[in-house]
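Visitor: I'd like a close look at a single part of this protein, please. Could you walk me through the place where its two domains meet, and then what surrounds it?

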Amino acid sequence: MQKIKDYVEANKDRFLDELFELLRFPSVSADPQFKEGVLNTAEFVAQKLKDAGADNVEICPTAGYPIVYGEKIFDPSLPTVLVYGHYDVQPADPLELWDTPPFEPTVRDGKIYARGAADDKGQFYMHVKAFEYMIKNNELACNIKFMIEGEEEVGSANLGIFVAANKERLKADVIVISDTSMISLETPSLETGLRGLSYVEVEVTGPNRDLHSGVYGGAVANPATILAKMIASLHDENNHIAIPGFYDDVIELTAEERKALNEAPFDVEEYKTDLGVNEVWGEEGYTSIERTGIRPTLEVNGIWGGYIGEGAKTVLPSKAFAKISMRLVPNQNSERITKLFKDHFEKIAPSSVKVEVKPHHGGEPVVTPTDSIAYQAAEKALEETFNKKPVPTRGGGSIPIVALFEKELGIKTVLLGFGLDSDNLHSPNEKYGIENYLKGIETIPLFHKYYAELSK
């Protein structure tokens with residue numbers, strides 16, 4: 001352990017400089033204007049894998065953005081770890097809410113502020129630097145394969161095609177993903193499950209053009225008003241999702257399981273203060289930990305229509321729109337939930353408007369086993385690094401490719417994340433703690449060591 005610490009301490013400035021260089025690439029996969037930035041990021045990642053000692057490094061083309069692959073197979077009799085990450089990032093908008101430029105990493109109070117700092121550049125790059133350490137110090141305990149993609153933030157549409165076509169190449173014993181969070185540096189944790197996702201866009205159309213709100217208001221249905229009413233009806237008075245059949249497949253945890261989940265440290269007053277809210281909100285009968293981990297949700301991610309520019313324009317809009325995400329839990333299915341939503345939303349629309357529901361992307365919920373060799377290895381590695389046994393938790397986010405990997409490759413995943421829920425993922429001023437980054441580099445070689453030992 002001390003040898004790893006010494007190496008990280010001796011190289012931390014270089015590790016940070018390299019991460020800063022990676023963060024400067026505007027690799028926004030959702031926006032075509034950043035195409036060059038995304039492709040340049042793939043080139044950078046491939047070069048850094050080569051520099052660290054990976055073999056057969058390749059930028060693999062897809063119908064969208066490429067997947068960067070590299071490996072080090074030094075003993076086929078040893079287990080193989082497949083490391084997954086993504087080099088694309090969320091859009092930085094709204095730019096005016098950033099305290100410093102999103103693609104110019106800035107350090108404040110020991111944290112790196114930049115888009116992609118925690119999601120997922122800072123986290124996957126820990127594996128590259130940990131790999132460098134293991135190669136240079138002859139401590140590689142497992143064969144390693146890297147698969148770093150560029151479309152995670154837009155649904156990984158081409159990853160499934162790549163995986164299906166490269167099953168032999170990607171053959172491994174376990175997948176490790178660092179794209180999740182832990183409770184804190186004082187209370188390390190391991191996520192044992194992720195929610196699935198159904199993401200849709202809705203469009204409500206009224207008159208065939210925008211209208212003068214004085215001449216036509218009160219006589220013609222306003223799509224923005226109708227949309228607001230329809231969205232409001234999607235939850236009942238107990239904040240329960242009011243779509244028929246939505247909860248049919250939800251697996252309810254036992255009282256014992258819920259009790260164990262709620263033993264994780266959680267200060268509701270600190271939570272409210274951090275978010276600047278007076279009260280927590282959610283489905284009645286469940287705690288905040290349960291609402292964000294084991295219960296499905298329906299959230300409006302964006303809503304717009306009509307005039308939203310400076311000053312006033314008295315207009316009755318022709319159209320109104322919303323983007324809606326639904327987080328799913330075992331055993332819900334994203335395709336079924338999308339259909340339930342579409343059927344219900346179209347059914348509740350009044351005849352005065354037309355409604356269109358456009359599915360975007362989805363993914364399935366997963367639960368990872370806590371009795372596996374891989375989980376035990378991650379647990380031992382974290383305990384050695386943090387001097388405290390990690391707490392098992394359920395993640396509220398979604399990584400749809402975890403279910404894909406299990407289906408296509410038959411491999412389970414370990415979620416070895418070092419971010420924090422307060423890292424402002426997908427928000428302005430995204431950040432990642434320098435200590436989290438360096439602790440991750442220290443911990444990952446220990447995971448490989450223990451995984452190899454426990455696999456014997």
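Visitor: How many residues of domain 1 are in contact with domain 2, and how many of domain 2 with domain 1?

Guide: Happy to help. First, a word on the basis: this is a predicted model, in which local features need pLDDT of at least 70 and side-chain atom pairs count only at pLDDT 80 or more, while totals for chains, interfaces and linings use all residues. Residues are numbered from 1 along each chain as its sequence is written, and side-chain values use heavy atoms, with hydrogens and water left out.

Now to your question: nine residues on the domain 1 side are in contact with ten on the domain 2 side, where contact means heavy atoms within 4.5 Å. Domain 1 consists of 1-194 + 365-455, and domain 2 of 196-250 + 296-363; these bounds come from an automatic or database domain assignment. The C-alpha centres of the two domains are 35 Å apart.

Together the domains bury about 680 Å², with 65% of that on carbon and sulfur atoms. Buried area here is the accessible area (1.4 Å probe) that two parts lose on being put together, summed over both. On the domain 1 side, Pro365, Ser398 and Pro400 supply 65% of the area buried against domain 2, more than any other three residues. By class, the side of domain 1 that touches domain 2 has five nonpolar, four polar and no charged residues. In this scheme Ala, Val, Leu, Ile, Met, Phe, Trp, Tyr, Cys and Pro count as nonpolar, Asp, Glu, Lys and Arg as charged, and the others, Gly among them, as polar.

Zero salt bridges are found across this interface; the rule asks for a side-chain nitrogen of Lys or Arg within 4 Å of a carboxyl oxygen of Asp or Glu. Two residue pairs are in polar contact between the domains, both at pLDDT 80 or more. A polar contact is a pair of N or O atoms within 3.5 Å; within protein, one must be able to donate a hydrogen and the other to accept it, and residues adjacent in sequence count only if both atoms are side-chain atoms.

The whole structure, by comparison, has 27 salt bridges. One of them joins the side chains of Glu18 and Lys129 (2.8 Å, N to O). Glu18 sits in helix 1 (residues 2-23) and Lys129 in helix 3 (residues 117-136), so this pair ties together parts that are 111 residues apart in sequence. Helices (H or I, at least four residues) and strands (E, at least two) are DSSP runs, numbered from the N terminus.

Let's move on to His235, in the loop between helix 5 (223-232) and helix 6 (255-261). A polar atom of the His235 side chain lies 3.5 Å from the backbone oxygen of Leu298. Leaving out residues up to four places away in sequence, His235 touches His240, Ile241, Ala242, Trp281 and Leu298.

Some backbone details round off the tour. Most residues other than glycine have a negative phi, and most peptide bonds are trans. The bond from Asp93 to Pro94 is cis, with omega near -5°, and Pro94 is in the loop between strand 3 (80-86) and strand 4 (106-108). The bond from Pro330 to Asn331 is also cis, with omega near 0°. Asn138, although not a glycine, has a positive phi of about 55°.
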